[in-house]
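Below are some notes on the model you sent, set out point by point. They start from the pairing of strands and end with the backbone geometry in the loops.

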Amino acid sequence: VLIAGGGDSALDWSIFLANINAKVTLVHRRNEFRGALDSVEKVRELKKQKKIDIITPAEVVELRGDKRLKSVIISCNKNNQQLEVDHFIPLFGLSPKLGPISNWGLEIEKNAIKVDTYDYKTNIPGIFAIGDVNTYPGKLKLILCGFHEATLMCQSAYKIINPGKKYILKY
């Protein structure tokens, strides 16, 4: 199995598959990984134990096969090498882009929408921004943070939709 990527998903899948005795090769475009430190350490330990091959800095540049995948071409330090594989799992992550939202007149900073952390409102009344699309001091781009942001945003949105109606938050 060839896994391409350097974040949490690529590291987690590499660890999982190595622990079920699959032959795993992890390819990443940089020498550093962006996943959790614990996962990075586990992957490096699995490499020491010869349970995982790591090829960095490198990129998969070509897939080969006819009716099924047979090999990949990996570019590493301007040299190409062919690697026989049965499976390829690309885990490149997300690249959030604002698209047309960037033309709405919202205050943008570092390609993200600035918000007030009280309720994640933007500079335009009635427009809120939660999740990876927003920014504020101390912002962490984690799913858990997005749930927290959504909870606070919904309370303010409720007050806009139902002016004068009491909002009861339970549990």
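1. Two strands are taken as paired if DSSP finds at least two bridges between them. On that basis, β1 and β2 run parallel and are joined by three bridges. Within this pair, Ile3 has Leu26 of β2 standing opposite. Please keep in mind throughout that the model is predicted.

2. Strand β2 has buried residues pointing both ways. Val24 and Leu26 point one way, Thr25 and Val27 point the other way, and all are buried. Leu26, the residue that Ile3 stands opposite, is thus listed with Val24 in its direction.

3. Overall make-up. The chain holds three helices and ten strands. Along the sequence the pattern reads β-α-β-α-β-β-β-β-β-β-β-β-α.

4. Overall dimensions. The radius of gyration of the chain is 22 Å, whereas a compact globule of 171 residues would have one near 16 Å. Along the principal axes, the C-alpha atoms fill a box of roughly 65 × 35 × 35 Å.

5. Burial, surface and contacts. Of the 171 residues in the chain, 31% are buried. The exposed area of the chain is about 11,800 Å², and carbon and sulfur atoms supply 55% of that area. Taking contacts between residues at least 6 apart in sequence, 40% join residues at least 24 apart.

6. Helix α1. This helix spans residues 8-18, and its buried residues are Ala10, Leu11, Ser14, Ile15, Leu17 and Ala18. Which elements cover them? The cover includes the strands β1 (2-4), β2 (24-27), β3 (52-55) and β7 (88-90), together with helix α2 (37-48).

7. Length of helix α2. The twelve residues of α2 reach 17 Å from the first C-alpha to the last, which is close to the 16 Å expected at 1.5 Å a residue.

8. Two faces of helix α2. Ser39, Val40, Val43 and Leu46 are the buried residues of α2. Why do they lie on the same side of α2? They cover an arc of only 125° around the axis, so they are placed on the same side of the helix. The face turned away from this buried side carries Leu37 and Lys48, both exposed.

9. Packing of helix α2. Its buried residues pack against α1, β2 and β3. Ser39, which is found in α2, can serve as an example. Ser39 counts as buried because its relative accessibility is 9%, and the cut-off for buried is under 20%. With neighbours within four places in sequence left aside, Ser39 is in contact with Leu11, Asp12 and Ile15. Of these contact residues, Leu11 and Ile15 are among the buried residues of α1.

10. After helix α2. Just past the end of this helix, Lys50 takes a positive phi of about 60°.

11. A cis peptide bond. Where is Pro57 found? Pro57 is in the loop between β3 and β4 (58-65). The peptide bond that leads from Thr56 to Pro57 is cis, and its omega is near -25°. I would state that omega value alongside the cis label.

12. The three-stranded sheet. The strands β8, β9 and β10 form an open sheet in the order β8-β9-β10, with mixed pairing. Its edge strands, each pairing on one side only, are β8 (108-109) and β10 (134-135). Strand β9 covers residues 112-114 and runs antiparallel to β8, with two bridges joining them. In this pairing, Glu109 stands opposite Ala112 of β9.

13. The loop between β8 and β9. Both Lys110 and Asn111 are found here. What is phi of Lys110? The value is near 55°, positive in a residue other than glycine. Asn111 is likewise not a glycine, and its phi is positive at about 60°. Is Lys110 buried or exposed? Lys110 counts as exposed because its relative accessibility is 77%, and the cut-off for exposed is over 50%.

Note on methods:
Residues numbered from 1 in each chain as written. Predicted model: local features only at pLDDT ≥ 70, side-chain atom pairs only at ≥ 80, totals over all residues. Heavy atoms only, no water. Buried < 20%, exposed > 50% of the residue type's maximum accessible area, 1.4 Å probe, protein only. Helix = DSSP H or I, 4+ residues; strand = E, 2+ residues; numbered from the N terminus. Contact = heavy atoms within 4.5 Å. Expected span 1.5 Å × (residues − 1). Arc of directions from axis to C-beta. Rg over C-alpha atoms; globule rule 2.2 N^0.38 Å. Areas by Shrake-Rupley, 256 points an atom, 1.4 Å probe, with all protein chains shown as cover.
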